[in-house]
There are 2 protein chains.
Amino acid sequence: MVRKIVIVGSGAAGMTAASTARKTDPDAKITVITEDEHIAYSPCVIPWVLEGKTSWNNIIMHDPEYYSQERDIEVKTMTKVHSVDLNNKTVDANGDILHYDSLILATGGKVFIPPIPGKDLNGVFVVRTINDGKAIESTMKDADRVAIIGAGAIGLEMALAIHNVGKKVVVVEMMNQVIPRVLDSDMASEVQCYLEKKGIRFVMDAPIQSVNGDDIVESVTAAGKTIPCDMVIFSTGVRANLELPKQMGLDIGTLGGLRVAPSLQPYQKGKLLNNVFACGDLIECESAVAPGPTMSQLGSSAVRQGRVAGINAAGGHALHEGVTSPWVSVMGDIEIAGTGLSTGLAHWYGMNVVTGMSSGFTCARYYPGGKNLKVKVLAERSTGRLIGAQILSGKDATGRINWLSAAILERVTAREFLSRYENAYCPPTSMVRDVVFTAVEDLASKL
Amino acid sequence: MVRKIVIVGSGAAGMTAASTARKTDPDAKITVITEDEHIAYSPCVIPWVLEGKTSWNNIIMHDPEYYSQERDIEVKTMTKVHSVDLNNKTVDANGDILHYDSLILATGGKVFIPPIPGKDLNGVFVVRTINDGKAIESTMKDADRVAIIGAGAIGLEMALAIHNVGKKVVVVEMMNQVIPRVLDSDMASEVQCYLEKKGIRFVMDAPIQSVNGDDIVESVTAAGKTIPCDMVIFSTGVRANLELPKQMGLDIGTLGGLRVAPSLQPYQKGKLLNNVFACGDLIECESAVAPGPTMSQLGSSAVRQGRVAGINAAGGHALHEGVTSPWVSVMGDIEIAGTGLSTGLAHWYGMNVVTGMSSGFTCARYYPGGKNLKVKVLAERSTGRLIGAQILSGKDATGRINWLSAAILERVTAREFLSRYENAYCPPTSMVRDVVFTAVEDLASKL
């Protein structure tokens, strides 16, 4: 019997699940159903396309023909799955009834726009798909002033990209710092300062109240201030797409994502569901750091989860264990990266935090071309265990944050990190004792 | 009673020990005794000084006055410790008898030159100290053809630096690959190929037999071939400086280094010695990977060990645990990095190895400016545990090798790495699934 695998969603999670399922079961019939027009691209790159660093065509890696011919995976684009019948193991895709042996839900998330007046005016956008990006690009041509609502990493990357093509950009943020949830305020203020020096304006502590204009956007109002603008881009956070899970009666977690087990199986009334798996922005999973669930909602997490869902849906065995959710964002000459908990998140989970900080360079002090490197590390006060890290750097933040993620994952204390962990050294690539160590040493001295 | 700490040696290990001891005990009397003229510099940078990337003055971070004034550490340069009296706790430094409460041996290593005819001719050099570097620089001015004996990382860095200033360079290596001990032959052949394309000549499988000339070097002979040259640089490996340990009757390990416990205390006839510590190129310590001792002999290891020795000598408590010894070397546009065991070393320790390999880019495929990135990973066949990794890349090898070192240190299997470890992603800094993961995946598929 040929195994029928149906995957709903064609983002990083869905397409990775499809390709991994193919590797796991060479004979399976694999069908991907998606509402999207384009598949197999990275939405994370949209700011850089708008800036002209690469093109829309370049960022689409494969089309449905490729998947059909090279991987024997059928992709039905612009097709909506309206419902799933768990008893009969079928999905209704635009009226076609498809049978499945394994079903993978990878329906992703959507940008949350607060229910304010004017949110549906012409000139209001979100950043989620290529078509969102193309619509922004097209409208931007005639726009002079652009308001970005939300100062998360995506909002800031968009702000800088649009500033770089010569527009006047204002960022409106409801909190009192940029990248609020995952970056500490001291690191965040440096990022904001860098972008302000570039010429980007910030309106902080300013929850958005309305988008104003007759038919077309003329301004936004936030915290009582009215800010004139020709277009508005909402980057106000992503919420799980729960339409299908709700129709199926699946359990939703406390963070508003689909609850899953380490096998990535969802629950129905507390009971694990067989033959169904979920991955990507949709799900909430266990944190490797905090005593509770978390939502990664990162491209890299989607791929990691898609792999597990694909293996399991194809009859293999893989687990998705607790996550630290490392992330990195590039803005002009600086890289900002983080992993594990920020101070704010740690407090949210009820943890008492000690922090350490150190500044230095990405290469030996005397070697030309080095960039500034600032590392902040966080530990749980009661145990000394590392629970988070943040990096602000001219380069090479990614490897360092992955390295620190490993230590956090392994529940290493600050003292253990100092006595057991090592760094490679060559004058052009690092200081003889990496700044990561001096930051952890600063932390350990406070424990 | 003020604690008297005497440190013999002023390299990275000795100076780190001194500074860390000062932090641990603000009142101690700390004396560093060294045969060297210059202290507190990185010998690793010598190739780049010769190439003109930085200067001799730049690479000396501090002089004895700085240590005296800023850290209350006395440094006696150009002073030899002839003997240690363990019973009376004294050292004889050029005839002065100094009492110690804690003694730190950080006498480093010296380049091993095989006992061949002509090894003492004018025009024969080693690369170890600033004065070695200055002597090479001075002679190089009138030299046209330079022979480098030994194709380890330092030999190759020197070869490229000297090639870059316009000399004809030939590298003579006794083994059949470059960077023999720590790099696998497939990775090594790419490095050799890169340097050959630059114009550096290699004579492989060629143990050096003689340096030839009347008074001044005219050629070298290796494996029967005579290679004309105007100067010769030996980079034939570093051996521990055992003069003082032997005088003290300390136990020497099977690899020819001073045997130490995790506290960095040496042994005398199998018994741990109190109040004496050792660190740096001198010592052999436990491997975190292999069932046996290892010698790191890296600048970063020296700093790490110096810290432990300094804390313990000053009455604190720190341990130096098993090492993976990550290293990185930069040659022109490429970075070569490794950690843990190479295939050759694993076989030497009697381990059966499985390898995985993957190639990709340092950023998203569609993002401009990405560099090639090749990752090789090694696991022990019986357990699947990761035991080594090697990277060849246009950039960002260091963070990745530190990250892999953490996984090796934590005795993570290839499968665990896939299910537990995560990477941060942003199009300009990495692929959505880092090449490290696809390499480990390739490995896991063979287990």
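Let's start with a pair of strands in chain B of this predicted model: S24(B) and S25(B) pair in the antiparallel sense, over five bridges. They make a hairpin, with two residues between the strands. Look at the turn and you'll find Gly332(B), which has a positive phi of about 60 degrees. Just beside the turn, Met331(B) stands opposite Ile334(B) of S25(B).

Now, which other strand does S25(B) meet? That would be S28(B): six bridges join S25(B) to S28(B), and the two run antiparallel. If you'd like one pair to find on screen, take Ile336(B), whose bridge partner in S28(B) is Leu392(B). Six of the seven residues of S25(B) are buried, so this strand is largely enclosed by the rest of the structure.

Let's move to a helix that packs here. H7(B) covers residues 185-198, which makes 14 residues. Here is a small check you can do yourselves. At 1.5 Å a residue, the helix should span 20 Å, and its end C-alpha atoms are indeed 20 Å apart, so the two agree.

Which residues of H7(B) are buried? They are Met187(B), Ala188(B), Val191(B), Gln192(B) and Leu195(B). These five cover an arc of only 135 degrees around the axis, which puts them on the same side of H7(B). There's a simple rule behind this kind of pattern: an α-helix has 3.6 residues a turn, so residues three or four places apart point the same way. The face of H7(B) that is turned away from the buried side carries the exposed residues Cys193(B), Glu196(B) and Lys197(B).

And what covers that buried side? Our hairpin strands come back here: S24 (327-331) and S25 (334-340) of chain B are part of the cover. The cover also includes strands S12 (201-203), S27 (372-380) and S28 (386-393), along with helix H6 (153-164), of chain B. After H7(B) comes Gly199(B), with a positive phi near 115 degrees.

Next, have a look at H7 in chain A. There the buried residues are Met187(A), Ala188(A), Val191(A), Gln192(A) and Leu195(A). Seen down the axis of H7(A), they fall within an arc of 135 degrees, so they line one face of the helix. On the other side, Cys193(A), Glu196(A) and Lys197(A) are exposed. The buried residues of H7(A) pack against several elements of chain A, among them H6 (153-164) and S25 (334-340). H7(A) is followed by Gly199(A), and its phi is positive, near 115 degrees.

Let's step back along chain B, to the loop between S11 (168-172) and H7, where Ile179(B) is found. Its phi is near 40 degrees, a positive value in a residue other than glycine. Is Ile179(B) buried or exposed? With 26 other C-beta atoms within 10 Å, Ile179(B) is buried. Met174(B) lies in the loop between S11 and H7 of chain B too. Met174(B) has 18 other C-beta atoms within 10 Å, so it counts as partly exposed. Leaving aside residues up to four places away in sequence, Met174(B) touches Ala206(B) and Pro207(B).

Chain A offers another positive phi outside glycine: Ala40(A), near 55 degrees. Ala40(A) sits in the loop between strand S2 (29-33) and helix H2 (46-51) of chain A. It has 22 C-beta neighbours inside 10 Å, and therefore counts as buried.

Now for the core. The largest nonpolar core has 310 residues, and those that touch the most other members are Ile104(A), Val232(A), Cys279(A), Ile104(B), Val232(B) and Cys279(B). Try clicking on Ile104(B): among the residues it touches are Ile5(B), Ile7(B), Val8(B), Phe277(B) and Cys279(B).

Last stop: where the two chains meet. The contact takes 59 residues from chain B and 59 residues from chain A. On the chain B side, the elements that give two or more residues are helices H3 (56-59), H9 (299-313), H11 (397-409) and H12 (414-420), plus S24 and S25, our hairpin strands. Which element gives the largest share of that side? It's H11(B), with 10 residues. By class, the chain B side has 32 nonpolar, 16 polar and 11 charged residues.

Terms used. Residues numbered from 1 in each chain as written. Chains lettered and ligands numbered in written order. Predicted model: local features only at pLDDT ≥ 70, side-chain atom pairs only at ≥ 80, totals over all residues. Helix = DSSP H or I, 4+ residues; strand = E, 2+ residues; numbered from the N terminus. Expected span 1.5 Å × (residues − 1). Buried ≥ 20, exposed ≤ 12 C-beta atoms within 10 Å, placed from the backbone. Arc of directions from axis to C-beta. Contact = placed C-beta atoms within 7 Å. Pairing = 2+ DSSP bridges. Core = buried A, V, L, I, M, F, W, Y, C linked by C-beta atoms within 7 Å. Nonpolar A, V, L, I, M, F, W, Y, C, P; charged D, E, K, R; others polar.
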